[in-house]
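Colleague: I'd like a close look at a single part of this model, the second largest pocket. How much space lies in it, and which residues lie nearest its centre? Once that's clear, please set the largest pocket beside it.

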Amino acid sequence: MSILALVLAGGRGSRLDILSADRAKPGVPFAGKYRIIDFTLSNCVNSGIYDVGILTQYLPRSLHRHIGIGKPWDLDRQFGGVTLLHPYIGKEGGWYQGTAHAVYQNLLYIKNKKPDYVVILSGDHIYKMDYSKMVDYHKSKNADLTIAAKPVPIEEAHQFGILNTNEDMRIVDFKEKPENPPSNLASMGIYVFSTDVLINKLEEFCSQKNSDFGHHIIPQMIRKTRVFAYKYKGYWKDVGTIKSFWEANLSLINPLPEMDLYDDNWKWHTRSESKPPAKFGREGEVNQSLISNGAIINGKIKNSVVFPGVFIEEGVEVKDSIIFNNTIIKQGAKICKSIIDKNVVIGNNTQIGFYKNTTANFERPKILNSGLNVIGKGVRIPENIEIGQNCRVLPRVKEDDFNKRKITSGSTIRPRN
């Protein structure tokens, strides 16, 4: 039995706002040393799937550099291994326009591989799953398509494709992001297709562009073919919003987190930076946090996730925050409930996130309304600045771009030039 995995990794992730301004959503850093896509790729190899195509499109350079030839995941193979699949210009080529259209554009790749089954995966979720068990389930049901599904809180169900099944778990109805969800059984965006069925359906429904599995393929198949739900009971998180991304990261520091990063029988692989061990100075103090290699901690860290190469100076206090790679936080600064991207420098005695005013962000009220601040990549914040809550500081803002000392809650700071 041969299995080909196709990872959809071309999404922009607009709800992550400035975290995905310079990178695709699957390439966003996560959990101290990983990228979001690492969890899907690690699931593949831990499931015994070593033939993986990765479909990229939006700002792919960072993601391509991270994946390379796939060596960290043992995907640098003469037969099989990892293949980066970009949009192309040529016969029936062009930009990917929908999930099904992206796969349709790579039909020749699928036909050349000749797998028995194709597993289609999203590259932007955090979860642990043995895909081989789902394939076995698909075979046992003699299914044409199997969709992984998981119950979600009913108040969140409108964000997902919602399934209805009969007693045999055969799907009898599917609604993509309905306003009034009829149930809370949500599609996880993980599909197992029998290859001949996938090819036939893509050729039937994707001759035109703007085709999506949820809108165009699945509803048609439910009426005419055998489509089943595979109920998944483990941890799965869509980190597609600022709040869910922050919550998923901080949940990892719990004494017994739902997502176990320390299971020797299911290793999480990534392209690691060659940095020395984390170092704690005389005044360094850390409580319930993840601290990555190369970090130097001379201040106090509580309930936070710190990425490689971060430098925390004396007198600094960081709480309930995520600090990306190679950021420097200078003496006396205080950070609360913030996500700080790579290569940021925060000046002496600056305070971020301590205002009691929780006004939603004026420009992005639906994205930033829970008190979180997001500081973009490469930002330089002067000393003695006070930043409220629900604030955005766009990438590459410089010290001269701050024209006042107090930044009120809900503000956005952007480069002048």
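Modeller: In the second largest pocket there's about 770 Å³ of space. Keep in mind that this is a predicted model, where local features need pLDDT of at least 70 and side-chain atom pairs count only at 80 or more, while totals for chains, interfaces and linings use all residues. Residues are numbered from 1 along each chain as its sequence is written, and side-chain values use heavy atoms, leaving out hydrogens and water.

A pocket here is an open set of points on a 1 Å grid where a 1.4 Å probe fits, with protein on both sides within 12 Å along at least five of seven lines; lining residues have an atom within 4 Å of a point.

Now for the walls. Thirty residues line the second largest pocket, and if you head for its centre, the ones lying nearest are Glu 156, Lys 237, Asp 238, Thr 241 and Ser 244. Three elements each give two or more residues to this lining: strand S8 (145–151), strand S13 and helix H8 (242–251). (Helices are DSSP runs of at least four residues, strands of at least two.) H8 gives the largest share, with six residues.

What about the mix of residue classes? The lining of the second largest pocket has 12 nonpolar, nine polar and nine charged residues; Asp, Glu, Lys and Arg count as charged, and Gly is among the polar ones. There's also a domain angle, going by an automatic or database assignment: domain 1 (3–251) and domain 2 (279–413) each supply at least three residues to the lining of the second largest pocket.

Next, the largest pocket. About 1,000 Å³ of space lies in it. Its lining has 40 residues, and the closest to the centre are Thr 99, Ser 122, Asp 124, Lys 177 and Asp 212. Six elements are named as giving two or more residues to that lining: helices H3 (99–104) and H7 (213–224), plus strands S6 (117–122), S10 (171–176), S11 (185–194) and S13 (236–238). Among these, S11 brings the largest share of the lining, four residues. Sorted by class, the lining of the largest pocket comes out as 18 polar, 14 nonpolar and eight charged residues.

If you want one element to follow on screen, try S13. Strand S13 gives two or more residues to the lining of the largest pocket, and S13 is also on the list for the second largest pocket.

Definitions and conventions: Grid points are joined across faces, edges and corners, and a volume is the space filled by probe spheres set on the points.
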